[in-house]
Amino acid sequence: MSQTAPAAPKAVEGSLNFLDDRLGSTNFFKRNARKAFPDHWSFMLGEIALYSFVILLLTGTFLTLWFKPSMHEVIYEGSYTKLNGVKMSEAYASALHISFDVRGGLLMRQIHHWAAVLFMAAIMAHMLRVFFTGAYRKPRELNWLIGIVLFTLGMVEGLFGYSLPDDLLSGTGLRITQGVLEAVPLVGTYGYMFLFGGEFPEGNHGDLIPRLFTLHVLLIPGVILALVTAHMMIMWHQKHTAMPSRNQSEKQVYGYPFYPVFMAKTGAFFMFTFGVTALLSTVTQINPIWLYGPYDPGAISAGSQPDFYMGVLEGALRIMPNWEITAWGHTLSLNVLIPATLPLGIVFGGAAAWPFLERWVTGDNRSHHVVERPRNAPVRTGVGVAAVTFYGLLWLAGANDVLADKFHVELFKTTWFFRVAIFAGPILAYIVTKRICLGLQRRDAAVIDHGVESGIIVMSPEGKFSERHVPVREEEKAVILSKENAKPEAPAVDGSGIPAPGTKGPMGFLRSRLNRGWTLDDIPVEDRGHHGEHHEVEEGERAGAEQKELSR
Amino acid sequence: MKRFTAWRRRPWAGYAVVLAALAAIGAIYAGFTPQNGRAEAAGIAQAQEDLENGRQLYNKNCASCHGQNAEGTKDANGKPLAPSLLGVGAASVDFQVSTGRMPAMNPGAQMPRKRPIPEFDVNIKTDYHDPEQREAAEKKKAQAEKNLADLRAYIASLGGGPAVPTADQVDPDKGDAAVGGKLFRTNCAQCHNFVGSGGALTGGKYAPPLDSDDVTPTQIYEAMLTGPQAMPVFNDTTLTPENKRDIIAYLVKTREEPNPGGNGLGRIGPVSEGLAGWLIGLGLLVLAAMWITAKKPKKLKKS
Amino acid sequence: MSDNKDHSTGGEQQPREEGGAPGRVVGTPSPAAERRLLPEGDTAAPEGAGEELDEQAAKRAERVVASLFVLAFAASVAFIAYYIGWSGRDGGMHGIERARESNLWLGGTMTLAFLAMAVGITIWVRRLMTSQPVVQERHELRADDATRESFAKTFLEGAQESGITKRPLLRRTLLLAAAPLGLAPLVLLRDLGPLPEKRLRHTYWGEAVRRAKAQGKKGVRLVVDGTNKPLKVSDFATPGGMITVVPEGIEEHSEHPLNEIAKAVTILINVPPDKMSPRMRARGWDVNGIVAYSKICTHVGCPAALYEQTTHHILCPCHQSTFDATDAAKVVFGPAARPLPQLPLAEEDGYLVATGDFPEPIGPSFWERG
C-alpha cells in the first residue's frame, strides 16, 4: 500500500466494468471494500455456524443423490453382511448403501452429522457471547430475535434429519415425538394422525419419512437460508459491535478493512471449519446407524438419547413428576406437557423478551455499538448464568442414565438430584455470579484509584513495608472506564409533588423497583485523576467500600 | 513340499486320503464315545473323587454364605442373605465363578465382574518363555479348570439344573447374526445397549457391558439360561439354543467389527458424540479463532 | 458508556514511557495481563498507509505459506488419486473394512487440504498483509426527522390517492375476500391423515382374540417377537423369565403389521405367584405367575422393557418410568402416570393364550382418553 498502486489487471478491470455498467456495483464495492471489522475471537463464533450451514447444504445435497425417503419395506441383501436378510425400510437400506457402497458416502454422512452438531453448538456459543456482552441491545434486537428463530429451526431441522435414516434410535425419537403430540390437549391425537398420516410408525401409506424429508431438505433449510441472509445483511448494515477498548467508541468503529484482511481471515476460518469437520469425521464415528439396527417398534436400546440440542427436552421429560389430570372424560398429561413446553418456553421466550425488558427497566433508549463487559451488568450476567445453569442441568438430566452407569450412582438418586437442582441451581448461580461481578467491579475501581501492584516493596523510614502501586496502562484504563456507572435514581415525585413519568401505576412501581434492582449495588468506577503512589497493601474490598462512601 | 505334490498325482492317492480320513474319524469317535467295561468302573471311582473335591471346594469357598447344604441363608429378619443353590445347575455355577462374581467379596447392590479367585482362575497367563514357569502355570490352569468342573458337578449333584453349554452351542461362527441382532434388540438391548455397552438399572444396579473379550460366548449363554442377579431368565424353550447361538454370533461379530468411521466414542450413542462435538470441534475452532484474531506479531514489523 | 475518543494518541505502550512502571519483578502476578483477551494496543493508521515488513521475516513467512499451499495441493491430489486409483479396486467399495479405509483416506486427505490452506492463509494475513487498522464513522441508523416527516406525508398522500381511506366499503370487502383465502391452505391439509376415531383405544390383540373365538377357541396364542414361536405354559415355566411377544398371525393378517406391532407388542414375565399383590391375584389374568403387560410405556411410548427379576421392576430406558410387575405394573418411580395395561392370559391346550384385548388404551395418555 505504501508502494505506488499498480494498475489493475485487464481481466479484473474488465469484469468489474462489465458489472458496473449494468449494476452500478462499483459504488457498492467502493463503499464496502474497506469496511472496518473489529477483531475478537468471540466474534467468530457465529461464523462457525454460518460455515457449518454451508457444509450442511453441500454434504446434504450429496446425500440426497442416494438416499431414498421411503418407508417401503425391503429385505436387505447388501455389503453390511450382518444385516443380510433383515426386514427394514428402504430409507434405512439406502442409508446403509451410502455408508458402505458409495465411496466417500460414509465420510459425507459423518461430515453432515458433525456439521449439524457444530452448527447448533456454535449458535449456542454465539448467542451466549451476544447475551453476556449485551450486544443484543438497541439497535440489534431484530438480529437477536432472528437468532432465536434460527436456533429453534435448527433444533427442528436436526430432529427431522436424525429421524430420516429410520434406525432404531431415530424411530425411538419419533415414538417420543408421537407421545408428546398425543399429550397436547384437544388437538393432540389429530396432530399425531395428521403428521404420521395414520398410526405410528407407517401411517396408512408410509408417509412420514417422505414428509420429514421434504421438510428437512426443502422447507426448513430454505427458511434458515433466508433468515441467515437477513441476519448477515442486518449485521453488515449496522456494522459489527466492538469490544470496549481505547480505540472503539459509539461513534466510530476501529478494525481491519474487509478487503483484504477480514476477507482473508474469514476465508481462512471457512477452511478451518471445513477442516475441523473433516477431521472429526475422519477420526471419530458419529451416528453408526448400522449398529443401531433398523427401526422395530418392539425394540429399544439402553441409553437412547437424542442429539445434544434436544437433550434439554429429554432431561425435562425425565425429571418431571408423574402428574396427570383426568376429569370429565378428558386427560391432561401434565407429566408430558410441562416438560415439553415450559423449559424451552422459559429459555427462548425469556431470551426473546429480554432486550425489550431490559430497555423498559433501565429506560435506556440509546443505541449501543460498543458492548458491555459482563461484570458491568451484574443482573444480566447473573440471569444469563442462571439460564445456562438451568439449561445445563436439564441437559445433564437428559443423560442421567449414562451418568448413573459411568459414575456408579443410583439412577433414581440422579433424578432426585436434578429435581432439586433445577430450582436451586439457577438461584445459586445468579447469586454467586452477581457477587463475582461486583467483586470484579470493586477491583476495577481499586485499579483506577490506586493503580496496579508493581511488585516493588518499599520500606518507609518508619520501617513500614508497602507495595508500590503504579498507574494502570492506558489501554487497560480505557477498558475499565468503559463502565457506565449507575446514575442516582430520579426521585419518584418532583418538588411540586408531580410523579415522574413512568413511575405511575403498578407497572410504574414495578419498573422503578426493577430499575433499582438493576443498579442497586453498582460500584462506581471513575477516574478522578488522583493516582496513589505509595499505598499500603490493602484489599480491593476496602478500597471499594471506601469509594462508595466517597461517592455518596 | 515337492515330493508331496508329486504324490498327490499318483492313482492311489485318492484312496489313501479317504482311508486316512476314515481312520481319523474312527479315532476321534473313539475318543468321544463313553468307554465301557473296566474303564467305566474306573470312571465311577474318578467321578466320586471329583465330587468330593467339589464338595470340599464348596465348603471352603461358598458354604459360609450359601449354607452347609446349599440351602441358602437368611439374616435375623428373615431376609435372604444368599440364595439356595439347589437346582441352580452347573451353568449358573460356571457363570458366577468364572466371571469372578462368586465368591462375593463385599455384597453391594450388585456383584461386579472381577478376576476369579486363584483356585478357579482359568484364564491365567501361561505363555511364559521359561519352560519351567510355563509348565507350572499350565498345571495351575488345568487344576483351576478341574476345580471349576468339580464344583459344577457337585452343585449339579445336589439338585440338577441347567448344564454348561457345549462348545458347539456357543460357536459364534455357527449362529445367524441377523436373527441374533433382531432378538438382541428386542430382548436384551433395553438393558445392555445396542452393541452391549451396558447401561444403568434401578437402585445402583447395572447391566454389565458385554463388549469386552473377557465375556466369553459360554458366559453369555449361561447368563441367558440362568438369569444371574437382576437379569431375567431366557430358558431354552423360550429362546431356543439356536436363538441363543444367534445372539452370541451377533454380539461377538459386533464387538469384533471395526468402527469404519473412526473412533467409536464408546459406542454409547449421542451423549459422547455431543461431548466430542463441543470439546474437540468447537474447542479447535475457538483456538483457530483466537489465533486468527490475535494481535499481529510485533517482531515482523520493520523497526 | 464513556466514549474513548483518544484513539489518535499513537505510540506503542510497551515498553512503558519513563515515569511509568519500572520493569516487573519476576513472579508477581500482573492484574493487567489477565485482561488481555482484547486485541488492544493497535492504533489506527491514516487511510492508505501500510505497514512495512521486515524483508527477511517476510521472505520466511512467504516460504512457509507457499509450502502449506503446496501441501494442500498435494493432499487434494492424493484425495483424487485415492478415489480414482485405489478406492475402486476389486469392484469398488463394499463392506465395512473398505468403508473404513476409504473414510480414513478420503477424510484424512481432505482434512489435510483444508487445514493446510487455513493455516497458510492465516499466516499470510498475520505476517504478510500490510493493511493497517482503519477507523470508520458509525452513522446514525435512523433517518433524520425531515425524511421521516416527508415519508409520512408521501404515505398518507398515497393512501388518499388510492382511495382506501375514503371508501370503507372497498376496504372491508377486500378484507372479507382475503380472510377465507387465508384459511384455504389449512383446509387443504385435511387429508394429511385419518381422524383418530377409536384407533388409539384397541390393539390387534382384540381382533386376534375375536378371530380365535370365532373358530371356537378360548383365545389367541402368544408368539415370540422375532422367531414367531408360539409359547406353551411349560416353555415359560422358569421363574424370572421374560420375553417379548406379539399375537399370533399379526404379520400375516393385518394390513399394516408394523403399526399393529407398535401397539400390540407385549412383555411376558414369569413372576413368583406368592409375590403377587392381592388385587393382581384377584384379577386372575395370570397363568401360574406368568403375566403379560403392554410393552409401550404409558409416559411417551418407548418400549418399557428393563425387567429386573430381583426387584420385579420394569424400567423404561427412555425416561426411567418404573413399574412393579408384581402389583399390576403400578408406577413406582418416574414420569409415567398410569400402570402398564395388563393382558388377560389363560391356558389352552398347554399353550398360553390371550383371552381379550388390553382393558384400556395402551401407550401415552391423550386428551380423549378419559
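This report covers the chain contacts, domains, annotated membrane spans and one hairpin of a predicted model.

**Contact between chains A and B**

Chain A and chain B touch. The contact draws 55 residues from chain A and 52 residues from chain B. On the chain A side, several helices each supply at least two residues: helix 5 (105-132), helix 7 (168-183), helix 10 (258-283), helix 11 (289-292), helix 15 (400-407) and helix 16 (411-450). Helix 10 of chain A provides the largest share, nine residues. By class, this side of chain A holds 34 nonpolar, 13 polar and eight charged residues.

**Domains of chain A**

Chain A is assigned two domains, each written as two segments. Domain 1 of chain A spans 40-293 + 325-372, and domain 2 of chain A spans 373-492 + 504-552. Their C-alpha centres lie 34 Å apart. At the domain boundary, 17 residues of domain 1 of chain A are in contact with 19 residues of domain 2 of chain A. Helix 5 and helix 13 (334-362) of chain A are the elements that give two or more residues to the domain 1 side. Helix 13 of chain A gives the most, with seven residues. The domain 1 side splits into eight nonpolar, six polar and three charged residues. Helix 5 of chain A therefore serves two surfaces in this report: it supplies at least two residues to the side that touches chain B, and it gives two or more to the side of domain 1 that touches domain 2.

**Domains of chain B**

Chain B also has a two-domain assignment: domain 1 (45-159) and domain 2 (172-256). The C-alpha centres of these domains of chain B are 23 Å apart. Here 13 residues of domain 1 of chain B meet twelve residues of domain 2 of chain B. On the domain 1 side of chain B, five residues are nonpolar, six are polar and two are charged.

**Annotated membrane spans**

An unreviewed UniProt entry lists "transmembrane region" for chain A at residues 48-67, 113-132, 144-164, 215-236, 257-280, 336-357, 377-396 and 416-433. For chain B, an unreviewed UniProt entry gives "transmembrane region" at residues 12-32 and 275-294. The table shows how some of these spans look in the model.

| Span | Helix | Strand | Distance between end C-alpha atoms |
|---|---|---|---|
| Residues 144-164 of chain A | 95% | 0% | 30 Å |
| Residues 416-433 of chain A | 100% | 0% | 25 Å |
| Residues 275-294 of chain B | 95% | 0% | 27 Å |

Residues 416-433 of chain A are 100% helix in the model. Residues 275-294 of chain B are 95% helix.

**Chain C**

What does chain C contain in helices and strands? Chain C has eight helices and twelve strands. Of its 370 residues, 40% are buried. Consider contacts in chain C between residues at least 6 apart in sequence: 62% of them join residues at least 24 apart.

One local feature of chain C can be followed residue by residue. Strand 11 (residues 345-348) and strand 12 (residues 351-354) of chain C pair in the antiparallel sense, over four bridges. Leu345(C) has Ala354(C), in strand 12 of chain C, as its bridge partner. Strands 11 and 12 of chain C form a hairpin with two residues between them. In that turn, Asp349(C) has a positive phi of about 50°.

Conventions
Residues are numbered from 1 along each chain as its sequence is written. Chains are lettered from A and ligands numbered from 1 in the order in which they are written. This is a predicted model: local features need pLDDT of at least 70, side-chain atom pairs count only at pLDDT 80 or more; totals for chains, interfaces and linings use all residues. Two residues are in contact if their C-beta atoms, placed from the backbone, lie within 7 Å. Ala, Val, Leu, Ile, Met, Phe, Trp, Tyr, Cys and Pro count as nonpolar, Asp, Glu, Lys and Arg as charged, and the others, Gly among them, as polar. UniProt positions are given in the numbering used here, feature names are shortened, and annotations may be inferred rather than shown by experiment. Domain bounds come from an automatic or database domain assignment. A residue is buried if 20 or more other C-beta atoms lie within 10 Å of its own, exposed if 12 or fewer, and partly exposed in between; C-beta atoms are placed from the backbone. Two strands pair if DSSP finds at least two bridges between them.
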